[in-house]
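Please look over the sequence and the structure below before reading on. The paragraphs after them go from the overall layout to the interior.

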Amino acid sequence: MSLPRPDLICRSVATVDFSALSRLGRTAVMLDVDNTIALRRGLEVVPDIQAALLRARSDGYVTGLCLVSNTMWGRRREARVAAMARSLDASFVCARWWAPKPRPGPFRRALRLLRAEAAQAVMIGDQYFTDVKGAHRLGIYTVLVEPLGPDAWFTAFRRWQERRLSVREG
């Protein structure tokens, strides 16, 4: 198994050059939630990330935002994602247990909500195996960012797998 390669790597969503993505025709932005725009158990979008996204939208570099989360257990967790989406004037997709990222379903739903084709979209996330791999399956441009904070145990295990694979390939 090979490690999916992101098209771009940035420190944070706040450091992504949305004007450059716009010049590539990538103006429909999909965002992972946990450890990408908010801490894993956080209730709000990190302020500098929120400011960067709202500025990119007001400057015309972003035509639409859609949160794509594997938050799949319960109404309270979905309400958390919905509140973050409202704070960004964004749509959202919460993947279900039978079809989580990296399966194509959540990304296809996000494209429909954004009224965009894969060639117009960019997926920004902190994980290779969910965000990068899933978006690449549909030909969506990917940006990998560093995680904002500590991971859940299963995500920590995936990151261990990522490090193992990248050392083998490196």
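The text that follows describes the elements of the chain, the sheet, one helix and the nonpolar cores.

This is a predicted model, in which local features need pLDDT of at least 70 and side-chain atom pairs count only at pLDDT 80 or more, while totals for chains, interfaces and linings use all residues. Residues are numbered from 1 along each chain as its sequence is written, and side-chain values use heavy atoms, with hydrogens and water left out.

The chain has six helices and six strands; these are DSSP runs, numbered from the N terminus, with helices being H or I of at least four residues and strands E of at least two. Read from the N terminus, the order of elements is β-α-β-α-β-α-β-α-β-α-β-α.

The six strands make an open sheet with parallel pairing, in the order β1-β6-β5-β2-β3-β4; two strands pair if DSSP finds at least two bridges between them. The edges are taken by β1 (8-10) and β4 (91-94), each with a single partner strand, so one side of each has no neighbour in the sheet. On average, neighbouring strands are turned by 20° against each other, direction ignored. At the β1 edge, three bridges join β1 to the parallel strand β6 (residues 141-145), and Cys10 stands opposite Val145 in β6.

Helix α3 (residues 75-87) packs on this sheet, touching β3 (64-69) and β4, and its direction makes about 160° with that of β4. Such angles run from 0 to 180 degrees between N-to-C directions, the axes being lines fitted to C-alpha atoms, for helices over the stretch in contact. The buried residues of α3 are Arg80, Val81, Ala82, Met84 and Ala85, where buried means under 20% relative accessible area (1.4 Å probe, protein chains only). Their cover includes β3 and β4, with contact meaning heavy atoms within 4.5 Å. Just after α3, Asp89 has a positive phi of about 55°.

In soluble globular proteins, nonpolar side chains tend to be buried together. The largest nonpolar core here has 29 residues, of which Val13, Phe18, Leu31, Ile37, Leu67 and Ile124 touch the most other members. Such a core is a set of buried Ala, Val, Leu, Ile, Met, Phe, Trp, Tyr and Cys residues joined through side-chain atoms within 4.5 Å. Leaving aside neighbours within four places in sequence, Val13 has contacts that include Phe18, Leu31, Ile124 and Val145. A second, separate core of 16 residues includes Met30, Val93, Ala118 and Ala121. Over the whole chain of 170 residues, 51% are buried.

Technical notes. Buried means under 20% relative accessible area, exposed over 50%, partly exposed in between (1.4 Å probe, protein chains only).
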